[in-house]
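Trainee: I would like to go through this structure with you. Let us test each label against its cut-off.

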Amino acid sequence: MAAEIVNPRSDSDTGQDGGAEPLDSFDPAFALHRGGKMAVQATVPVRDKDDLSLAYTPGVAKVCSAIAEQPDLVHDYTWKSSVVAVVTDGTAVLGLGDIGPEASLPVMEGKAILFKQFGGVDAVPLALACTDVDEIIETVVRLAPSFGGVNLEDISAPRCFEIERRLQERLDIPVFHDDQHGTAVVTLAALRNAARLSGRAIGDLRAVISGAGAAGVAIAKMLVEAGIGDVVVADRRGVVSADRDDLTSVKRELAGFTNKAGLSGSLESALAGADVFIGVSGGTVPESAVASMAEGAFVFAMANPDPEVHPEIAHKYAAVVATGRSDFPNQINNVLAFPGIFAGALQVRASRITEGMKIAAAEALASVVGDDLAADYVIPSPFDERVAPAVTAAVAAAARAEGVARR
């Protein structure tokens, strides 16, 4: 793409010959992104020859030799234990789809600065020019010595499941697909507080999830792990049930641990009498289906920019409403989870991020709300300074309890 694009305004409005004008002259989003959103900054001074001899040669050779003799010293004498690789192939970027690695970079840079801003974790965007599962895995394995963790981002389903699983099998550092687990952690935290507000337990609830992609599958797994009464997942063809003959291997596995009631048919039919709707698919749920849910239901319609159920409609029938948008209360935002999860894992040099660590993150996140719990406040703001420390501490403690911590 060219660096400059013709402004759709008339030539007389541009003030430049030929009408060409940088995009950032009339769009603040482009102005903010010009030159990128991040840079490398030294943490030690290099002011004179003495500093240079310590930061680089000959002093650096002593550190290299020590690490060669004792590899674990890499965590103490490099940035490895505080840096994460943010890896994508550009196949499922936001709601834009498969736009490629170059076009994904603004998102990956954004993710990296959120790691730093909210978790104190350095992160490096890595947009890969390959989409083959084996090639992605081999590439990340070869890059892994430079990093303390790997955050997979915007990789399309179902490939993302295999990539994460196989990378974690081959690496001894945390591998975390945020589109799956970050969303699931924040959803569970909000659901715990919604249940507490209504005087119910997670085990009392039946949830229906719209979407059987990365987020939908991960949310279903986490809700089951947390003890939900029942959860039904629906894809474009309806309820994911064991009697369907068109399921992928991931969806067959999903059918095996969800839908205790043995429902089949459409999403709308599954919502009748349901306590919770969780939308991670886009599309629109008819108002009549929302009206058929149980009294005091919760509606978490998280598609962006258009929720599956508009909050104005949801509030007619639901006791608690959440979205993925920042302009409505109760935003289900991954940034509440991933910075603290990685900060906690890196703090104890965890070899992986376990289900217990994710559950601990959700519980810590829910606890931040405390006595301020209300229908329009079941999840804290990303700018609440208590969030990252609470999640970090909980994840670190869970890692130690589960035996994956190495310090």
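Trainee: How much space lies in the second largest pocket?

Mentor: About 920 Å³. Of the 24 residues lining this pocket, Val40, Gln41, Ala42, Thr43 and Trp79 are the closest to its centre. Bear in mind that the model is predicted.

Trainee: Which helices and which strand each supply at least two residues of that lining?

Mentor: Helix H3 (49–55), helix H4 (59–69), H6 and strand S4 (122–127). By class, the pocket lining divides into 19 nonpolar, three polar and two charged residues.

Trainee: What makes something a cavity rather than a pocket?

Mentor: In a cavity, a 1.4 Å probe fits but cannot get out, whereas a pocket is an open set. The search of the whole structure finds two cavities of 30 Å³ or more. The largest has a volume of about 50 Å³. The second largest has about 40 Å³.

Trainee: Which residues line the largest cavity?

Mentor: His75, Ser81, Gly148, Ile173, Pro174, Ala345, Leu346, Arg349, Ala350 and Arg406. They divide into five nonpolar, three polar and two charged. Gly counts as polar in this scheme, so Gly148 falls in the polar class.

Trainee: And how many nonpolar, polar and charged residues line the second largest cavity?

Mentor: Eight nonpolar, no polar and no charged. The lining residues are Ala85, Val87, Leu126, Val140, Leu143, Ala144, Phe147 and Val150. Strand S3 (83–88) and helix H7 (133–143) each supply at least two of the lining residues.

Trainee: Now the helix pairs. Why are H6 and H15 called roughly perpendicular?

Mentor: Look at the angle. The axes of helix H6 (residues 101–119) and helix H15 (residues 338–347) cross at roughly 70 degrees. The label covers 65 to 115 degrees. H6 and H15 are therefore roughly perpendicular to each other. Their axes come within 8 Å, and the crossing is right-handed.

Trainee: Which residues meet where H6 and H15 make contact?

Mentor: Lys111, Leu114, Phe115, Phe118 and Gly119 in H6 meet Phe338, Pro339, Phe342 and Ala343 in H15. This contact has seven nonpolar, one polar and one charged residues.

Trainee: Why are H16 and H17 called roughly antiparallel?

Mentor: Helix H16 (residues 355–369) and helix H17 (residues 387–401) pack at an angle of about 150 degrees. The cut-off is over 145. H16 and H17 are therefore roughly antiparallel to each other. Their axes are 8 Å apart. The crossing of H16 and H17 is right-handed.

Trainee: Which residues of H16 and H17 meet?

Mentor: Gly356, Met357, Ala360, Ala361, Ala364, Leu365 and Val368 in H16 meet Val387, Ala390, Val391, Ala394, Val395, Ala398 and Ala399 in H17. The contact has 13 nonpolar, one polar and no charged residues.

Trainee: Which value goes with the cis label for the bond from Thr57 to Pro58?

Mentor: An omega near 10 degrees. Pro58 is in the loop between H3 and H4. The bond from Asn304 to Pro305 is also cis, with omega near 0 degrees. Pro305 is in the loop between strand S11 (297–301) and helix H14 (311–317). For background, most peptide bonds are trans.

Trainee: What is the phi of Asn259?

Mentor: It is positive, about 60 degrees, although Asn259 is not a glycine. Most residues other than glycine have a negative phi. Asn259 is in the loop between helix H11 (249–257) and helix H12 (267–271).

Technical notes. Residues are numbered from 1 along each chain as its sequence is written. This is a predicted model: local features need pLDDT of at least 70, side-chain atom pairs count only at pLDDT 80 or more; totals for chains, interfaces and linings use all residues. Side-chain values use heavy atoms; hydrogens and water are left out. Axes are lines fitted to C-alpha atoms, for helices over the stretch in contact, and angles run from 0 to 180 degrees between N-to-C directions. Helices (H or I, at least four residues) and strands (E, at least two) are DSSP runs, numbered from the N terminus. Angles under 35 degrees count as roughly parallel, over 145 as roughly antiparallel, 65 to 115 as roughly perpendicular and the rest as oblique. A crossing is left-handed if the near helix is turned anticlockwise from the far one by less than a right angle, and right-handed if clockwise. Contact means heavy atoms within 4.5 Å. On a 1 Å grid over the protein atoms alone, a cavity is a set of points where a 1.4 Å probe fits but cannot get out, and a pocket is an open set with protein on both sides within 12 Å along at least five of seven lines; lining residues have an atom within 4 Å of a point. Grid points are joined across faces, edges and corners, and a volume is the space filled by probe spheres set on the points.
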